[in-house]
Amino acid sequence: MSITKKTDSKSRRPKAVKQSASQRKWAIGFIVAAVAIWVFYTYIMVHLPDGAQTIVQNWFPPTALNEAMVWVIAALGLNIVVGYAGLLDLGFVAFWAIGGYTAGWFMSSFFRQVNIHILSTSPKVVPGMHISFWGVIFIGGLICAFFGLIIGAPTLRLKSDYLALVTLGFGEIIPQFFVNGSNIGGFNLTNGTQGISPVDNIGVPGRSLSPFDFSWKFFIFVLLTAFMVFMSLRLRTGRLGRAWLAIREDELAASMMGVPLMRTKLSAYAVGAFSGGVGGVAYATHVGGVFADRFNFSISIILLAMVVLGGMGNVWGVMVGALLLAWINSTGLPAFGDLVNNTFHTTINFPSYNFLLFGGALVLMMLFRREGLIPESRLKAILHEDDESAPEIGGAE
Amino acid sequence: MKNRFRIIGLVAIAVLAVGTLSACSSANTLIISSDLPLQGSSFDSNDSTNKAIALYLKQINYKAGKYTVKFKIYDDATASAGSWDPAKCTSNAQAHVANKDEVAVMGTYNSGCAKVEIPILNQAPGGAMTMVSNANTNPGLTKPWNPGEPAVYYPTGVRNYARVCTTDDNQGAAAAQFAKSIGVKSVYVLNDTQTYGQGVAQAFTTEAKKQGLIVLSSGPFGEGWDAKQPDYTALFTKIKALNPDMIYVGGIFDNNGGQLMKDKVAVLGNNTAVKFMAPDGFTGYPAFSSMPEATGAYLSFAGLSSDLLTKIAPTGAGARFVTSYIAEYGKPPVGSYPVYGVAAVQVILAAIAKSDGTRKGVTDAIFSGSGITIPANESVLGKSLKIDPKSGDTNAIDITIEVIKGGKETTLTAWALK
């Protein structure tokens, strides 16, 4: 508690200025990195010699980068729930699945009984609902936000571990619903384990992005990420965000100070779910389909690991964590395995040690850097309270 | 800051240097790849497939016509998913296309993964890239099945997908024909309410009616069993009143198949009194075959098992290959899919030999004109293998019938579909 007091009284003004300056630095860094990557893959890569291209393809294929950006979008959503509001959510995959299926429903030939085309890339003769990606993103986000409210309303009265268990339950139920939803009173809503594929290409004015338009897709995903970051940062500094942080640090104290617990928590859940939905739509268009039995628990866990590893509550940390883990999972470990196996003529199956690595990394993080790779300054201050001013705290308590 | 730039510069130089060193490949070397899940429960089978393909390429000296062929392995599973991962399938498909020397893909193992990869390979700039699968049994990939299939998977209108294994609908049909041959007169059909189970059960029901069997269950795919039920006594008591000769179960063992088997025997008696038959969703589970109640249960399997290959044509190319595999790796291939993987590679190699060495050439060789035929004396399936250039389906619609004996799946016969 003494920390909040300290920042309030003495160093409020300078700290805020310092913080926003640091945020600006990160934001500029993000834009510069995104532009550099975009220029590299669009213009430089094609002129590299074959060998170098192969190396880039093996270690940093553009498609893995795009996939990682999808993870970033969803992880930023989870960061609002876990990082800002401190609500442990073990079922975030539910929103990812709902978002994915929104894309499946509104951007494919699945509902063949209708023929709706709204600014879509697919030819008019193809039956089904074909709505532009830009519209579906919002539909997906809003549907998820709505479900976030519905799921949140009864569960958010619970605290910490109990809440985690209930969200875990929802994370299991919703994908199961999609698995079994092929016959709802005779209506095929989800196509069961067969899933819905293929999903329409993303359209930008004048063209439809084929699966090989990596640069364009990267640009779009970066745009979405930037929007999520902007939203997160603005919300955090606002009234709502400060209420979230207050709840995270001490729910009882926050409610004593007049923070409406239920409403504040629900809004965190809804905003997080919105991002999860956008991530789901982006995922479905990246993959080109949705498959019910692929939305499993491990996705929730990896998203959570991204948030914790990167630095709970710090959007830049979460972004770095998500990029890192997504890359390790999709490309890094297999590529590293190939390198080792080819060099030493071994046949070790490196990717199968993925979770051992995650687990080990998380244990080490908890031992040596509890606040994450790029910590949130506030969290860091709390976690290192003892090191800095132990006697004072001792006296205060 | 200065230091950082220096590091970036060094890295750039290193990358370029390595690039120029390895930038030498001859024009006549082509790459074919395999795209299989190498994590989780299907690892053994797919690892064996990769080994079999590597061995086969070594045996033919890496030659296909005037081209030299290199083999590249892709893994379409991620550790976090524990099995095939749609995102990995997407990125693999894009990587196949990005890899300039790669002309064709052997894969995938899972039909779901194929549904993601086929449309991407289909849209490859410069012409669709061919994929030949050894294990996809979902009918919709190549022929009309669900609404819109198979056209939805081929956005450019060109076909680029073939398979050397047969489809679920054939398996159900073969099971019905086999049932008739062992004197079954009436049958009750169950399904596990999932796509695969319903598909097989539907094919079985249709063929059984055609064969003149009395189908006692109603509906196109019989009655569904709920995998979450603690027991099925009531279900089988109801069936007992109808007095069927056989119970056909379309589904996978994971959906509480053990309990179903137990209750079937408890209510209807052992598998000689009332026969029990299931598709390949029940094969490969020691937990099932070791059940005392399962003794005498019939299983069907899409394809020929390796031991059947050596039994049917002991001097044929298939038997020789299995023998050489055992000699090389000290144990037989796991399941039957590895041999089918080699058969798929044979199709790809024949197409390369017929082509001009480009992706489009390979695709055209399979999907235009007379298509690809592997003569019986070369085919590892022990008989001539022909790919239909219109659909990409195979003529080798072999089904193996197995029976559980002494706690093990034992091959009973190969069933040639009528």
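Chain B splits into two pieces: domain 1 covers 2-166 + 310-387, and domain 2 covers 168-301 + 399-414. Keep in mind that this is a predicted model. The C-alpha centres of these two domains of chain B sit 34 Å apart. Where they meet, six residues of domain 1 of chain B are in contact with seven residues of domain 2 of chain B. On the domain 1 side of that contact, two residues are nonpolar, four are polar and none is charged.

Now for a sheet in chain B. Six strands line up in the order β2-β3-β1-β4-β5-β6 to make an open sheet with mixed pairing. At the edges stand β2 (63-64) and β6 (161-163) of chain B; each has a single partner strand, so one side of each has no neighbour in the sheet. Inside the order, β1 (residues 29-36) and β4 (residues 102-107) of chain B run parallel and are joined over five bridges. If you want one pair to click on, S34(B) has M106(B) in β4(B) as its bridge partner.

Over in chain A, helix α4 is worth a look. Here are some of its numbers:

| Feature of α4(A) | Value |
|---|---|
| Expected span, residues 62-84 | 33 Å |
| Distance between end C-alpha atoms | 31 Å |
| Bend at L78(A) | about 35° |

Why do the two lengths of α4 of chain A agree? At 1.5 Å a residue, its 23 residues should span 33 Å, and the end C-alpha atoms are 31 Å apart, which agrees. The helix α4(A) is also mostly covered, with 23 of its 23 residues buried. Just after α4(A) comes G86(A), with a positive phi of about 70°.

How values were computed. Residues numbered from 1 in each chain as written. Chains lettered and ligands numbered in written order. Predicted model: local features only at pLDDT ≥ 70, side-chain atom pairs only at ≥ 80, totals over all residues. Helix = DSSP H or I, 4+ residues; strand = E, 2+ residues; numbered from the N terminus. Expected span 1.5 Å × (residues − 1). Bend = angle between axes of the 7 residues up to and from the residue. Buried ≥ 20, exposed ≤ 12 C-beta atoms within 10 Å, placed from the backbone. Domains from an automatic or database assignment. Contact = placed C-beta atoms within 7 Å. Nonpolar A, V, L, I, M, F, W, Y, C, P; charged D, E, K, R; others polar. Pairing = 2+ DSSP bridges.
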